[in-house]
Structure formats: C-alpha cells, structure tokens
Amino acid sequence: MKAMILGADGYIGWPLSMKMANAYGEVVVVDNYATRRLVADVGGISAMPIGADLKERAQRFEKHYPGKKMHVIEGDLKHPAFVEALIRKYKPETIIHLAQQRSAPYSQISTTHALYTQVNNVSSNLNLLFAMHKYAPKAHLLKMGSMGEYGTPNIAIEEGFMDIEYKGRKDKITVPRMGGSWYHQSKIFDSYNVAFANRVWGLRATDVMQGVVYGNRTAEMIDEGLLTRLDIDSIWGTVINKYCAQLIALKKLLIYGKGLMTRGFLSLEDSISALFLLTENPPAEGEYRIVNQLDRTYNTYELAEKVKKIGEELGFESTFETVENPRVEKQEHYYEVVHEKLPSVGFKPKHSVDGQIREIIKDLDRYRSVWIRKKSLLMPNVYWNRSENSEASKKEAWLYRYITKGFTGKPPELGAEGSPG
Ligand SMILES: NC(=O)c1ccc[n+]([C@@H]2O[C@H](COP(=O)([O-])OP(=O)(O)OC[C@H]3O[C@@H](n4cnc5c(N)ncnc54)[C@H](O)[C@@H]3O)[C@@H](O)[C@H]2O)c1
C-alpha cells in the first residue's frame with residue numbers, strides 16, 4: 001500500500017485523504033472519532049456538515065471519484081496491538097500521522113485534559129514507531145508537529161537544526177523547543193521520540209513543524225458531502241476561522257491582548273499540497289528531516305483587520321473588542337522563521353489569505369443554521385493561568401474513562417478490511 005493516513009476524519013486528514021486516494025488510486029484511512037467526541041464534550045460542533053462517520057464519507061468520495069478506493073479502519077492508535085495489526089497488514093510505504101489531540105486550549109482545561117492530550121499523543125506516536133520498526137522499517141513517516149514547538153525565541157527559527165559555537169567548540173544541534181501549552185509539550189515529546197527512533201532504528205521520517213492552518217475548501221470538495229470539518233469555537237477553532245465566525249455571529253472580533261502575537265500561517269489547500277509534495281519527495285533511507293511548513297507570518301491584529309475589511313465588502317459590519325489574552329505568551333516579540341525545504345521540492349503557495357477569508361465567511365454564512373446556536377462558545381473560557389477551567393468541560397470522569405479505554409480490552413478490529421489476528 002502506498003499511503004496510510006492516520007487521523008483521516010479530521011480537518012486536514014480528510015482533504016489529504018481525498019487528494020492521496022486520487023493520486024494513488026487507493027489509501028488506508030484510520031480514525032477513532034476522538035475530535036468529534038471532544039468537540040462535543042465542550043458543547044461544540046463542526047460548522048460545516050461532515051456526515052455520520054468516515055465510512056459514509058469514503059462511500060461518497062468513491063461515488064464522486066469512480067475507481068478510487070479508501071479502505072476505512074476505525075480504531076484507537078493508543079492500542080498497541082491495533083497499531084501493530086494495522087502496519088503488519090498494510091505495510092504502507094508512507095504513513096501520514098495526523099491523529100492527535102490538537103487543541104492547545106483543550107489541553108489547558110484541567111489535569112485530566114492535559115493528561116488525555118499527552119497520553120493520547122505520545123502513546124499513539126510511540127505505538128506507531130514500534131510497529132513501523134517491526135513491520136515497515138523502510139517506510140516514510142510524515143509526522144505532524146507544530147511551529148508552536150519552537151515558541152517565540154529572540155533569534156531566527158532555523159529549519160530544525162542549527163550550528164552553534166560554545167566555549168570554543170562547534171556543533172549542530174536541534175533548534176531548542178519551548179512549547180506554549182500542554183498540547184505543544186506533547187508534540188515536543190513526539191519530535192524527540194521520532195528523532196530517537198531514527199537514531200536507534202534508522203527510521204526514515206519527516207517531522208513537519210506546521211504553522212496555523214486556515215481555510216475550509218480544497219479542489220476535491222466538489223460536493224457538499226465531501227466537506228471537511230470546520231471548528232470555530234474558542235477551544236477548537238484556529239484564529240482566522242474563529243474571527244470569521246465572530247464577524248457573523250457577534251459582529252465583533254475578539255482581539256487577545258495587544259494582538260501583536262505573530263505566528264506562521266498556511267491555507268488548508270496549500271498545507272495539503274505541501275504534505276503531498278513531501279510524500280513524493282521522501283527523505284533518504286535512514287534520514288530524519290525537519291520541515292518548517294508555512295506560507296508567511298502575521299500578527300493576530302493584522303488578521304483581524306483583514307477579516308473586518310473583507311467582511312465589510314461582503315456586507316458584514318463589525319468592531320474590534322479587546323479581551324484579556326487567555327494564553328500565557330509573549331505579547332510582543334521577534335519572529336522570523338527559515339522555511340526553505342518545501343520550496344526546494346517545488347512548493348509554491350497558491351492561496352492568498354484574503355481569498356480564503358472570503359470563502360470561509362461565505363461558507364459560514366451558508367451553513368449558519370448548523371452552528372449559530374453555539375455562538376456563546378465563541379467567547380474564550382479557558383485561561384492558561386487558572387488551575388481549573390471547569391466551566392469549559394464538566395465531563396472529566398467521562399474523559400478519564402476515555403483515556404484508559406484505548407489501552408484495555410480487545411484491540412479494535414480492522415473491520416471489513418480484515419482482522420488483527
Ligand atoms: N489545524 C492546524 O492549524 C494545525 C497546525 C499545526 C499542526 N497541526 C497538526 O496537524 C494534525 C492534524 O490537525 P487537524 O487540525 O486536522 O486536527 P483534527 O483534530 O481535525 O484531526 C485529527 C484527527 O485524529 C483523530 N485522532 C486523534 N487521536 C486519535 C487516536 N488515538 N486514534 C485514532 N485517531 C485519532 C481525530 O479523531 C481527528 O479526526 C494534528 O497532529 C495537529 O496537531 C494542525
């Protein structure tokens with residue numbers, strides 16, 4: 001099997017799965033619907049309809065793209081026996097690992113939420129590394145990290161590695177990490193674990209330090225049934241997507257603090273193209289490659305100005321409202337990111353942020369009946385400096401059971417595609 005996509009029911013995973021199935025004819029797609037459940041846990045919902053489950057989405061895809069096949073496997077990557085069975089059966093050449101708890105605010109709600117995030121992310125990744133070592137040692141792992149692993153240092157962020165000279169001696173070291181949430185800390189653990197698997201087993205891997213993704217459409221979404229999830233609440237949404245929802249529902253854009261926090265951004269479709277290109281141009285056997293994946297940087301105030309202006313053109317008036325920054329982060333800082341590896345394999349971003357903002361606003365307006373009743377969730381309610389944010393989620397006992405469930409009992413079946421035995 002050429003490609004396996006882990007986390008295929010997600011925001012990035014679904015459009016990437018469609019692109020890969022079209023390119024390679026067939027793909028294996030895996031998910032346990034954790035994001036659907038955890039978004040529901042805080043009262044949220046995808047602002048665009050995404051159907052009942054991955055099987056239904058795959059059937060619709062196959063109907064619209066005759067001759068292309070998605071092998072759907074439902075299961076939890078926290079379960080080592082399940083991951084082993086998966087890799088042993090399909091022996092993929094490329095494994096794209098997106099299957100993680102990816103909300104920084106969610107990880108900050110309470111001890112249980114931080115625990116869930118780190119247990120889910122670190123254990124699933126470890127299971128995958130061991131299974132690859134055993135059953136697909138030559139495969140290419142494309143692991144989604146985050147630009148947030150680096151933090152905001154007062155020097156340029158090199159692409160993974162940097163030369164240093166210290167007390168008269170020289171070396172090449174990995175760029176230091178300083179995560180901004182328990183979620184980002186889990187990504188840092190993962191990066192070090194992937195690098196270790198490379199050193200001891202020679203595992204071939206690309207660790208993608210991905211910037212913030214925005215947008216909601218890709219070329220493959222030729223029918224409403226093929227849309228991807230779009231989160232707009234304060235816990236699960238990313239900043240541009242959230243501003244667009246605030247514009248429509250609140251008629252005001254919520255600026256965190258001074259709004260001068262700067263990050264790297266990339267549109268959804270450009271992100272998909274970049275991941276596809278990295279699959280087509282893998283690292284050498286035994287190589288561990290780090291790629292900084294972004295188009296360009298913006299501060300959050302600049303982005304709000306864009307959303308306000310484009311909103312006006314589309315008939316949506318809004319004002320700015322400054323709110324306490326719920327995050328603990330530098331409000332003003334230097335930010336420069338080196339990103340040369342993607343251009344070196346032919347990557348050219350195609351989508352302007354303005355064009356994407358226009359599309360998001362139009363779609364959020366089209367699907368307002370799906371999400372507008374949830375508009376109270378647009379206000380931030382998880383604060384980094386509080387020890388508990390209980391109003392955000394009252395279901396900790398449930399979450400605790402959910403953490404442990406993945407490890408215990410019989411491994412999930414590989415379903416119609418075969419059994420793990
Ligand atoms: N969206 C962004 O802006 C962004 C930015 C930087 C990095 N990333 C990274 O990219 C990846 C994908 O992000 P996304 O926005 O598509 O997130 P998402 O939450 O929409 O998708 C992740 C998918 O993984 C699944 N999943 C989680 N844990 C699982 C498990 N134990 N077993 C099986 N499936 C599991 C979820 O159900 C979900 O469908 C994540 O690793 C995220 O950290 C995303």
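Here are some questions and answers about this predicted model, covering its two sheets and its ligand.

User: In what order do the seven strands of the open sheet run?

Analyst: Happy to walk you through it. The pairing in this open sheet is parallel, and neighbouring strands are turned by 15° against each other on average, direction ignored. At the edges stand β3 (69–74) and β12 (288–293), each of which pairs on one side only. Going across, the order is β3-β2-β1-β4-β5-β8-β12.

User: Which residue stands opposite histidine 140?

Analyst: Start with strand β5, which covers residues 140–144 and pairs in the parallel sense with strand β8, residues 204–210, over five bridges. The partner of histidine 140 lies in β8, and that residue is arginine 204.

User: What angle does the direction of helix α6 make with that of β5?

Analyst: Helix α6 spans residues 111–135 and packs on the sheet. There it touches β1 (3–6), β4 (94–97) and β5. Its direction and that of β5 make an angle of about 175°.

User: How much of the ligand's accessible area does the protein cover?

Analyst: Let's look at a few contacts first. An oxygen atom of the ligand is 2.9 Å from a polar backbone atom of alanine 34, and a polar side-chain atom of arginine 102 also lies 2.9 Å from an oxygen atom of the ligand. For glutamine 210, a polar side-chain atom is 3.2 Å from a nitrogen atom of the ligand. On its own the ligand has 820 Å² of accessible area, and the share covered by the protein is 97%.

User: How many residues of the shell around the ligand are charged?

Analyst: There are 29 residues around the ligand, of which Asp31, Thr35, Asn120, Tyr183 and Lys187 come nearest. Eleven residues of the shell are nonpolar and twelve are polar. The charged ones number six.

User: Why is one side of β9 and of β13 left without a neighbour in the sheet?

Analyst: These strands belong to an open sheet of three strands with mixed pairing, in the order β9-β11-β13. The twist averages 50° from one strand to the next. One side of β9 and of β13 (296–299) has no neighbour in the sheet because both stand at the edges, each with a single partner strand.

User: Which strands of this sheet does helix α10 touch?

Analyst: Strand β11 (residues 262–267) pairs with β9 in the parallel sense over three bridges, and there tyrosine 214 stands opposite serine 267 in β11. Helix α10, residues 300–313, packs on the sheet, and its direction makes about 85° with that of β13. The strands α10 touches are β11 and β13.

Note on methods: Residues numbered from 1 in each chain as written. Predicted model: local features only at pLDDT ≥ 70, side-chain atom pairs only at ≥ 80, totals over all residues. Heavy atoms only, no water. Pairing = 2+ DSSP bridges. Helix = DSSP H or I, 4+ residues; strand = E, 2+ residues; numbered from the N terminus. Axes fitted to C-alpha atoms, helices over the stretch in contact; angles between N-to-C directions. Contact = heavy atoms within 4.5 Å. Near = heavy atom within 4 Å. Polar contact = N/O pair within 3.5 Å; in protein donor to acceptor, adjacent residues only side chain to side chain. Areas by Shrake-Rupley, 256 points an atom, 1.4 Å probe, with all protein chains shown as cover. Nonpolar A, V, L, I, M, F, W, Y, C, P; charged D, E, K, R; others polar.
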